[in-house]
Amino acid sequence: MKISTEDFIDGIKSGNKRLIAKAITLVESNKPEHRIQAEELLKKILPLTGKSIRVGITGVPGAGKSTFIENFGRLAIVNNKKVAVLAIDPSSAINKGSILGDKTRMEELAKEENAFIRPSPSSGFLGGVANTTFETMMICEAAGYDYILIETVGVGQSEVLVSDITDVFLFLKIIGGGDELQGIKRGIMEMVDIIFINKVEESNLQKAKNTKLELKRALDFLPSKEKDWKVPVLLGSALQNEGLKEVYQKIDDFISLKKNTDRFDKVRTMQSEKRFEYWVQEYILAMMKKNNSVEEAYIQHKKNASDLISNPSTEAKLFVEKFLRDSKSEIRDSENI
């Protein structure tokens with residue numbers, strides 16, 4: 001039975017996890033009828049959004065992101081906060097579904113009444129997030145969750161795009177992976193707000209301290225992302241609950257700084273503008289694919305680019321120009337009818 005938009009809104013406002021999950025499924029759907037209802041739902045819940053702290057958590061595979069999120073989430077709940085986890089899993093190449101299923105890896109957090117965990121397939125979307133993560137986040141905010149924790153795929157430097165939808169970008173680092181400076185890559189290091197060196201034990205403590213020093217030196221060569229904020233490099237073990245309180249406090253300090261300098265709202269405005277630009281591109285591409293003649297031109301220009309008959313950027317320009325010409329012609333024809 002179809003759920004009405006009003007029932008969705010009532011369920012979200014009351015914290016009904018079943019309806020929250022179904023609302024997210026609606027937003028993730030590509031079916032035209034679902035997109036219409038999803039847009040209506042998002043518009044109506046908009047006044048309820050914007051009050052949470054959005055934390056992006058990234059790191060190489062094996063950095064312990066899920067363990068960190070589970071124990072950090074439980075710490076936040078102890079501090080009377082509600083926590084939503086959006087765990088973006090790598091997608092299966094066969095059915096595009098989630099491979100890992102983070103809900104099964106955060107068993108203790110999943111039991112908490114004030115926690116909501118949603119694994120979502122990335123569906124091949126670059127940037128370490130799913131293409132509807134921002135909209136999913138809005139649903140969780142409308143449901144009253146204080147912290148939205150976004151665990152990214154963790155596959156490389158394309159992860160930096162997660163910073164475009166969050167208030168705090170946390171980078172988890174581990175030592176002993178063969179490359180002590182693996183985290184020192186300009187793209188990701190320019191985006192981070194807090195670094196947490198995870199899996200630190202007595203046996204590797206000195207190595208961890210050396211890595212911390214190297215990271216801090218690297219950060220000194222980069223321009224500050226936020227004025228008056230020096231990116232902290234913290235040591236600890238998420239598994240042993242060591243260092244998590246310090247991370248929690250640093251997140252609070254960082255948000256307070258942004259709010260006191262009016263950067264908080266300005267950054268969120270810029271993020272919304274980027275989402276607008278993203279969806280403009282998505283809708284234009286969808287419109288192109290609906291038109292058979294345009295789709296044929298798209299396939300041909302794409303083939304010309306892949307076969308290097310001409311420069312890919314030139315083929316893209318030629319295709320867009322053709323699309324715009326065809327669109328203008330259709331508008332004139334409709335006006336003459």
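This report describes the chain as a whole and then some of its salt bridges, helices and single residues.

**Overall picture**

The model is predicted. Its chain has 337 residues, of which 45% are buried. The secondary structure consists of 12 helices and seven strands. Many contacts reach far along the sequence: if one takes contacts between residues at least 6 apart in sequence, 76% of them join residues at least 24 apart. The surface that the chain exposes comes to about 18100 Å², and 54% of this is supplied by carbon and sulfur atoms.

**Salt bridges**

Side chains of opposite charge can pair when their charged atoms come close. In this model the count of salt bridges is 13. Three of the pairs are listed here.

| Basic residue | Acidic residue | N to O distance |
|---|---|---|
| Arg-118 | Glu-28 | 2.9 Å |
| Lys-274 | Asp-164 | 3.1 Å |
| Lys-317 | Glu-321 | 2.8 Å |

The side chains of Arg-118 and Glu-28 form a salt bridge at 2.9 Å. Since Arg-118 belongs to strand 3 (residues 115–121) and Glu-28 to helix 2 (residues 17–28), the pair ties together parts that are 90 residues apart in sequence. Arg-118 has a relative accessible area of 13%, so it is buried. Glu-28 has 26% relative accessibility and is therefore partly exposed.

Lys-274 and Asp-164 meet through their side chains at 3.1 Å, N to O. Lys-274 sits in helix 10 (residues 263–290), while Asp-164 sits in the loop between strand 4 (147–151) and strand 5 (168–173), so this salt bridge ties together parts 110 residues apart in sequence. With a relative accessible area of 43%, Lys-274 is partly exposed.

Lys-317 and Glu-321 are both part of helix 12 (residues 312–336), where four residues, or about one turn of the helix, separate them. An α-helix has 3.6 residues a turn, so residues three or four places apart point the same way. Lys-317 has a relative accessible area of 52% and is exposed, whereas Glu-321, at 30%, is partly exposed.

Salt bridges also link Glu-6, Glu-40 and Lys-44 in a network.

**Helix 9 and helix 10**

Helix 9 covers residues 244–260, which is 17 residues. From its first C-alpha to its last it reaches 24 Å, close to the 24 Å expected at 1.5 Å a residue. Among the buried residues of helix 9 are Leu-244, Val-247, Tyr-248, Ile-251, Phe-254 and Ile-255. The charged residue Lys-258 is buried there as well. After helix 9 comes Asp-262, which has a positive phi near 65°.

Which residues form a nonpolar patch on the surface? They are Phe-276, Val-280 and Ile-284, and together they have about 260 Å² of accessible area. Phe-276 is located in helix 10. It has 57% relative accessibility and so counts as exposed.

**Three single residues**

Thr-49 is placed in the loop between helix 3 (32–45) and strand 1 (53–59). Is Thr-49 buried or exposed? Its relative accessibility is 16%, and because buried means under 20%, Thr-49 counts as buried. The Thr-49 side chain reaches the backbone oxygen of Leu-46 at 2.7 Å. When neighbours within four places in sequence are left aside, Thr-49 is in contact with Met-138, Glu-141 and Ala-142.

Glu-151 is in strand 4. This residue is buried, at 4% relative accessibility. What does the side chain of Glu-151 make a polar contact with? The partner is the side chain of Ser-66, at 3.1 Å.

Ala-305 is found in helix 11 (residues 292–306). Its relative accessible area is 15%, so Ala-305 is buried. Apart from neighbours within four places in sequence, Ala-305 is in contact with Ser-310, Pro-312 and Glu-315. Ala-305 and Ala-316 are 11 residues apart in sequence, and their C-alpha atoms are 8.2 Å apart in space.

Technical notes. Residues numbered from 1 in each chain as written. Predicted model: local features only at pLDDT ≥ 70, side-chain atom pairs only at ≥ 80, totals over all residues. Heavy atoms only, no water. Helix = DSSP H or I, 4+ residues; strand = E, 2+ residues; numbered from the N terminus. Buried < 20%, exposed > 50% of the residue type's maximum accessible area, 1.4 Å probe, protein only. Polar contact = N/O pair within 3.5 Å; in protein donor to acceptor, adjacent residues only side chain to side chain. Contact = heavy atoms within 4.5 Å. Areas by Shrake-Rupley, 256 points an atom, 1.4 Å probe, with all protein chains shown as cover. Salt bridge = Lys/Arg side-chain N within 4 Å of Asp/Glu carboxyl O. Patch = residues over 30% accessible without salt bridge, like charges linked within 9 Å, V, L, I, M, F, W, Y side chains within 5 Å. Expected span 1.5 Å × (residues − 1).
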